[in-house]
Amino acid sequence: MLFDTHVHLNADQYKDDLEEVIGRAREAGIEYMVVVGFDRGTIQKAMEITEKYDFIYASVGWHPVDAIDMTAEDLEWLEELSSHSKVVALGEMGLDYYWDKSPKEIQQEVFRQQIRLARKVNLPIIIHNRDATEDVVRILKEEKVEEVGGVMHCFTGSLEVAKQCMDMNMYISFGGPVTFKNAKKPKEVAAAIPIDKLLIETDCPYLTPHPYRGKRNEPSYVSYVAEQIAELKQVDYEELAKKTTENAKKLFGINR
């Protein structure tokens, strides 16, 4: 029983074999998935997928790289979608200082607007952070994220940062990079995180875990992430799978 908390089945990489990819995920024991939309096109596709598959849920938000493109109408649309029964979170949202398409000030304002919306509609958030940890943590604190909580998606930061985030009602999620041989810090942090604050994900089609690194990622590979973390934490695979699934269902308010 596994829960892949962050998939992009709405990506073009799956346009030719989406049903087969979902079938392999089910065969591998993936009972739930959250497909993440981050702009108009990917959100619309995410909603189509969730309406077709009862075990797939959606998160809707605006990616920081594209923050400059988000309009007031888009924010209203996110609020409308938030009441849909299959929408379980807002995001991915956050800050990305690696790419320079959207100025930092605009990214920060769009990030704040989405956290405020999440608090208004009482949904957890999914955080994207690239090269912007200090500002992400500061804004989460200033915008009182602890009221709704959420997940630090594909976490690669330090244990100190993880602790700050957990203190704000955030879960810490690990993906494929924790399986990489040279990923010393993610392995150390994954080993130290309390199991009741831990989530797993693929971020497919990106960040494919070992031994498939370099190939297209897919949800069935989340089992490799679970195996690696179970080994790091010295717990049974079944226990790790069960607990991370329970954590995700609690965060996203899924009762089935």
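**A tour around strand 7**

Begin by selecting Phe174 and Ile200: Phe174 stands opposite Ile200, which belongs to strand 8. The model on the screen is a predicted one.

Next, select the whole of strand 8, residues 198-200, together with strand 7, residues 170-174. These two strands pair in the parallel sense, and three bridges join them. One of the bridge partners to display is Leu199 of strand 8, which is matched with Ser173. To follow the chain between the two strands, add helix 7, residues 184-192. Strand 7, helix 7 and strand 8 together form a β-α-β unit that is right-handed.

Now turn to the other neighbour of strand 7. Select strand 6, residues 150-152, which is paired with strand 7 in the parallel sense over three bridges. Within this pairing, Met152 is found opposite Ile172 of strand 7. The chain leaves strand 6, passes through helix 6 (residues 159-166) and arrives at strand 7, and this β-α-β crossover is right-handed.

Keep strand 7 selected and show its side chains. Are the residues of strand 7 buried or exposed? Five of the five are buried, a term for residues with under 20% relative accessible area. The strand is therefore largely enclosed by the rest of the structure. Both of its faces are covered: one side carries Met170, Ile172 and Phe174, the other Tyr171 and Ser173, and all of them are buried.

Widen the view to the sheet. In what order do its strands lie? The sheet is open, has eight strands and follows the order 1-2-3-4-5-6-7-8, with parallel pairing. For the edges, select strand 1 (2-7) and strand 8, each of which pairs on one side only. From one strand to the next, the twist averages 30 degrees.

The last stop is an empty space. Rolling a probe the size of a water molecule over the atoms shows where such space is left. A search of the whole structure finds one cavity of 30 Å³ or more, and the largest cavity holds about 30 Å³ of space. Which residues line the largest cavity? Select Cys154, Phe155, Thr156, Phe174, Gly175, Pro177, Val178 and Pro186 to display the lining. By type, the lining divides into six nonpolar residues, two polar and no charged. Phe174, where the tour began opposite Ile200, is thus met again as one of the residues lining this cavity.

Conventions:
Residues numbered from 1 in each chain as written. Predicted model: local features only at pLDDT ≥ 70, side-chain atom pairs only at ≥ 80, totals over all residues. Heavy atoms only, no water. 1 Å grid on protein atoms, 1.4 Å probe; cavity = no way out; pocket = protein on both sides within 12 Å on 5 of 7 lines; lining within 4 Å. Points joined across faces, edges and corners; volume = space filled by probe spheres on them. Nonpolar A, V, L, I, M, F, W, Y, C, P; charged D, E, K, R; others polar. Buried < 20%, exposed > 50% of the residue type's maximum accessible area, 1.4 Å probe, protein only. Helix = DSSP H or I, 4+ residues; strand = E, 2+ residues; numbered from the N terminus. Pairing = 2+ DSSP bridges. Right-handed = clockwise from strand over helix to strand, strands pointing away. Axes fitted to C-alpha atoms, helices over the stretch in contact; angles between N-to-C directions.
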